[in-house]
Amino acid sequence: MGTAKVSNSSSEDQNVSNYNETDVILNVYDLTPLNNYSYWVGFGIFHSGIEVHGKEYGFGAHDFPVSGVFEVEPKSCPGFIYRSSILLGRINMPCSEFREFIENVASEYHGDTYHLISKNCNHFTDDMAQRLIGRHIPGWVNRMARLGSLCSCLLPESLQVTKVKELPEYHEIEDGTESLSTATPGDSTEIDDTDQEKHLLSPKDGNSDIAFIKEAQS
């Protein structure tokens, strides 16, 4: 009888472990149709998101000192053309623990700190990959940013100066936590389009499928 109890407990522990395990996947998107030609010679302009526990997380720009980290359905980030997925590894982390983790990361990635060359969506996913599984994303994903000024020249104009022009606000989502969306208040301040240091790589008209992550409060 004693042996049977130990076996059941072991089985339950194994089920919990399996439930907490999840793949860490890099989802890569094309920013421009030119990638169909440049990809084969090792170049391209890409957006990437990191998929964990069935949600994809990315980083984008707005003009406010709050989280620029957002979540979407995997392989469905609005405004981009899905290209491929790369399995980076597996982790054993409960959903609740990961939620705490991503909210802490969000506090380091404010929308107004986004920079196309030095702190973009691919820098974010690379940082996430290092923290979660101890490895980098493939170098080709962010190669254009490392080439510096060439990246701005090659980006289509519609992607170079796009920003969120609405004030972010939080709302409740299904699991009881808060996420960040965008709303246009009457007293919002227009953003100067001549400031091209920060870019939001998403459609100009925004998309309700994107929910920004509320950062952890210190």
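## Strand β1, His110 and the cysteines in a predicted model

Strand β1, which covers residues 21-30, is mostly covered, with 8 of its 10 residues buried, where buried means under 20% relative accessible area, exposed means over 50%, and partly exposed lies in between, for a 1.4 Å probe and protein chains only. Strands (E, at least two residues) and helices (H or I, at least four) are DSSP runs numbered from the N terminus. This is a predicted model, in which local features need pLDDT of at least 70 and side-chain atom pairs count only at pLDDT 80 or more, whereas totals for chains, interfaces and linings use all residues. Residues are numbered from 1 along each chain as its sequence is written, and side-chain values use heavy atoms, with hydrogens and water left out.

Strand β1 pairs with two strands, as set out below; two strands pair if DSSP finds at least two bridges between them.

| Partner of β1 | Sense | Bridges | Residue pair |
|---|---|---|---|
| β5 (residues 81-92) | antiparallel | 10 bridges | N27 opposite S85 |
| β2 (residues 46-52) | antiparallel | 6 bridges | L26 with I50 |

H110 lies in the loop between α3 (95-106) and α4 (121-133), and at 18% relative accessibility H110 counts as buried. Leaving aside neighbours within four places in sequence, H110 is in contact (heavy atoms within 4.5 Å) with F59, F64, P65, V66, S67, G68 and E215. With P65 there is also an approach between polar atoms, since the backbone oxygen of P65 lies 3.3 Å from a polar atom of the H110 side chain.

The cysteines form no disulfide: a search of the whole structure finds 0, a disulfide being a pair of cysteine sulfur atoms within 2.5 Å. For C121, the closest cysteine sulfur is that of C77, 8.5 Å away, and therefore too far for a bond. C121 is buried, with a relative accessible area of 2%, whereas C95 is partly exposed at 38%.

Taken as a whole, the protein has a secondary structure of 7 helices and 8 strands, and 42% of its 218 residues count as buried. Among contacts with a separation of 6 or more, 72% join residues 24 or more positions apart. The protein exposes about 11,400 Å², of which carbon and sulfur atoms supply 51%; accessible areas come from the Shrake-Rupley method with a 1.4 Å probe, and for residues only the protein chains shown count as cover.

Methods: A polar contact is a pair of N or O atoms within 3.5 Å; within protein, one must be able to donate a hydrogen and the other to accept it, and residues adjacent in sequence count only if both atoms are side-chain atoms.
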